[in-house]
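Dear colleague,

I am passing on the structure we spoke about, and I would be glad if you could keep it open beside this message while you read. My notes on the charged pairs and on the packing of two helices follow below it.

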Amino acid sequence: MAKTDDVVDAAAEVAPVDSTLGYEQARDELIDVVRRLEAGGTTLEESLALWERGEELAKVCRRWLDGARARLDAALAEPSDDDGAAAED
């Protein structure tokens, strides 16, 4: 019976995703959500709530990764001081 109580408590923890979550926080919570879903033993309603939470967390991770990609692309597109010095040699 304790397992059922744990599942109910876990589903109750599912809340809206905080938009200020860092990448690592969102990723770690997403991993936890996936583990809970894979473990089974949840009702359909609890599984759906966990799935929805996982989708929101995945969106947060994607936004962070897209932002990191844009920053890297911008940094790579800027000419560096080394480029100018090499051309003068």
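**Salt bridges and helix packing**

Searching the whole structure turns up 5 salt bridges, and please keep in mind as you read about them that the model is predicted. As background, side chains that carry opposite charge can pair when their charged atoms come close.

I begin with the pair Glu-29 and Arg-53, which form a salt bridge whose closest N and O atoms are 2.5 Å apart. This pair links distant parts of the chain, since Glu-29 belongs to helix H2 (residues 23-39) and Arg-53 to helix H3 (residues 44-77), with their positions 24 residues apart in the numbering. Are the two partners buried or exposed? Glu-29 has a relative accessibility of 26% and therefore counts as partly exposed, whereas Arg-53, with a relative accessible area of 9%, is buried because that value is under 20%.

Another salt bridge joins Asp-32 to Arg-36, and here the closest N and O atoms are 2.9 Å apart. Both residues lie in helix H2, and because they are 4 residues apart, about one helical turn separates them. Asp-32 is partly exposed, its relative accessible area being 30%.

In helix H3, Arg-62 forms a salt bridge with Asp-66, with 3.7 Å between the closest N and O atoms. These two residues are 4 residues apart in H3, which is about one turn of the helix. Arg-62 counts as partly exposed at 49% relative accessibility, and Asp-66 also counts as partly exposed, at 43%.

How, then, do the two helices lie against each other? H2 and H3 pack at an angle of about 150°, and their axes are 9 Å apart. Because angles over 145 degrees count as roughly antiparallel, H2 and H3 are roughly antiparallel to each other. The crossing in which H2 passes H3 is left-handed. Among the residues that make this contact are Leu-30, Val-33 and Leu-37 of H2, together with Leu-50, Leu-57 and Trp-64 of H3. Glu-29 of H2 and Arg-53 of H3 belong to the contact as well, and they are the partners of the salt bridge described at the start. Taken together, the residues of the contact of H2 with H3 comprise 13 nonpolar, 2 polar and 4 charged ones.

With best wishes

Technical notes:
Residues are numbered from 1 along each chain as its sequence is written. This is a predicted model: local features need pLDDT of at least 70, side-chain atom pairs count only at pLDDT 80 or more; totals for chains, interfaces and linings use all residues. Side-chain values use heavy atoms; hydrogens and water are left out. A salt bridge is a side-chain nitrogen of Lys or Arg within 4 Å of a carboxyl oxygen of Asp or Glu. Buried means under 20% relative accessible area, exposed over 50%, partly exposed in between (1.4 Å probe, protein chains only). Axes are lines fitted to C-alpha atoms, for helices over the stretch in contact, and angles run from 0 to 180 degrees between N-to-C directions. Angles under 35 degrees count as roughly parallel, over 145 as roughly antiparallel, 65 to 115 as roughly perpendicular and the rest as oblique. A crossing is left-handed if the near helix is turned anticlockwise from the far one by less than a right angle, and right-handed if clockwise. Contact means heavy atoms within 4.5 Å. Ala, Val, Leu, Ile, Met, Phe, Trp, Tyr, Cys and Pro count as nonpolar, Asp, Glu, Lys and Arg as charged, and the others, Gly among them, as polar.
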